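Work through the exercises below with the coordinates open beside the text. Each one sets a task and then solves it step by step.

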Amino acid sequence: MDVEIQPHVGVGPFRLGMPFDEAMQIARRLGRVSHQPGGERPPGRYVVNLEDSAFQFVLSFPQDGTLTSVELWRFRAEDADIHVTFDGLDVFRTPSEQLVPRMEERGHSVVYDDDFGIHALRELKVSFANNSSYEYPVDEEGDPLYFDYVLITTGPVR
């Protein structure tokens, strides 16, 4: 599966501003959907789990029922056939220490928030982080090798 991050537009098959029912049709074709907090209709966050790779989309809907943000959580199976790209860069397979300079080389302003451990492209409303407690591959110092989380939103990012 190829998933492209398109700032101000969406992620993969999900488009920011998409109506809830349309997004849920796509979500159910992709995997198992759960809602947080419990309930069938917005507001809330809807987690779409792709079972074969433990990859997740998290879709956020406010009361009006249009998609305002998509979170992506890195696959847990290293051999997963999932490629998440931003500006042609594979965000979950390129070491984060290489990804940030490569984004900057392409003209993106990346701001690091040390308090939250987030790399933000504020003008694009996209952020990258290592937020998971899952034991992903690490470097020689024990730090996560790759980003494991991406957020694209209609709201501000830190």
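The exercises that follow deal with confidence, the sheet, two helices, one polar residue and the aromatic rings.

**Conventions**

This is a predicted model, in which local features need pLDDT of at least 70 and side-chain atom pairs count only at pLDDT 80 or more, whereas totals for chains, interfaces and linings use all residues. Residues are numbered from 1 along each chain as its sequence is written, and side-chain values use heavy atoms, with hydrogens and water left out.

**Exercise 1.** Find which element has the lowest mean pLDDT and which the highest.

*Solution.* Start from the scale: pLDDT is the predictor's confidence in each residue, from 0 to 100. The chain averages 89 on this scale, and 93% of the residues score at least 70. Among the elements, which are DSSP runs numbered from the N terminus (helices H or I, at least four residues; strands E, at least two), strand 4 (residues 32–36) has the lowest mean, 86, and strand 3 the highest, 98.

**Exercise 2.** Give the strand order of the open sheet and name its edge strands.

*Solution.* Two strands pair if DSSP finds at least two bridges between them. On that rule, 5 strands form an open sheet in the order 3-2-1-8-9, with mixed pairing. Strand 3 (14–15) and strand 9 (89–90) each pair on one side only, which makes them the edge strands. At the strand 3 edge, 2 bridges join this strand to strand 2 (residues 10–11) in an antiparallel arrangement, and Val11 stands opposite Phe14.

**Exercise 3.** For helix 1 and helix 2, determine where the buried residues lie and what they pack against.

*Solution.* Classify the residues by relative accessible area, taking buried as under 20%, exposed as over 50% and partly exposed as in between (1.4 Å probe, protein chains only). In helix 1 (residues 20–30), the buried residues are Phe20, Ala23, Met24, Ile26 and Ala27. Their directions from the helix axis to the C-beta atoms fall within an arc of 165 degrees, so they line one face of helix 1. The face turned away from that side carries the exposed Gln25, Arg28 and Arg29. Counting contact as heavy atoms within 4.5 Å, the buried residues of helix 1 pack against strand 3, strand 4, strand 5 (44–50) and strand 6 (55–61).

In helix 2, Ser96, Leu99, Val100 and Met103 are buried; they fall within an arc of 95 degrees and so line one face of the helix. Glu97 and Glu105 are exposed on the other side. The buried residues of helix 2 pack against strand 8, strand 9, strand 11 (118–121) and strand 12 (126–129).

**Exercise 4.** Decide whether Asn49 is buried or exposed, and identify its side-chain polar partner.

*Solution.* Asn49 belongs to strand 5, and its relative accessibility of 12% counts as buried. Its contacts, leaving aside neighbours within four places in sequence, are Gly31, Arg32, Ser34, Phe55 and Gln56. With the side chain of Gln56, the side chain of Asn49 makes a polar contact at 2.6 Å. A polar contact is a pair of N or O atoms within 3.5 Å; within protein, one must be able to donate a hydrogen and the other to accept it, and residues adjacent in sequence count only if both atoms are side-chain atoms.

**Exercise 5.** Describe the geometry of the pair Phe75 and Phe92.

*Solution.* Rings of Phe, Tyr and Trp (its six-membered ring) pair if their centres lie within 6.5 Å; planes under 30 degrees apart count as stacked, over 60 as edge-to-face and the rest as tilted. Phe75 and Phe92, at 6.2 Å centre to centre and 85 degrees between the planes, are edge-to-face.
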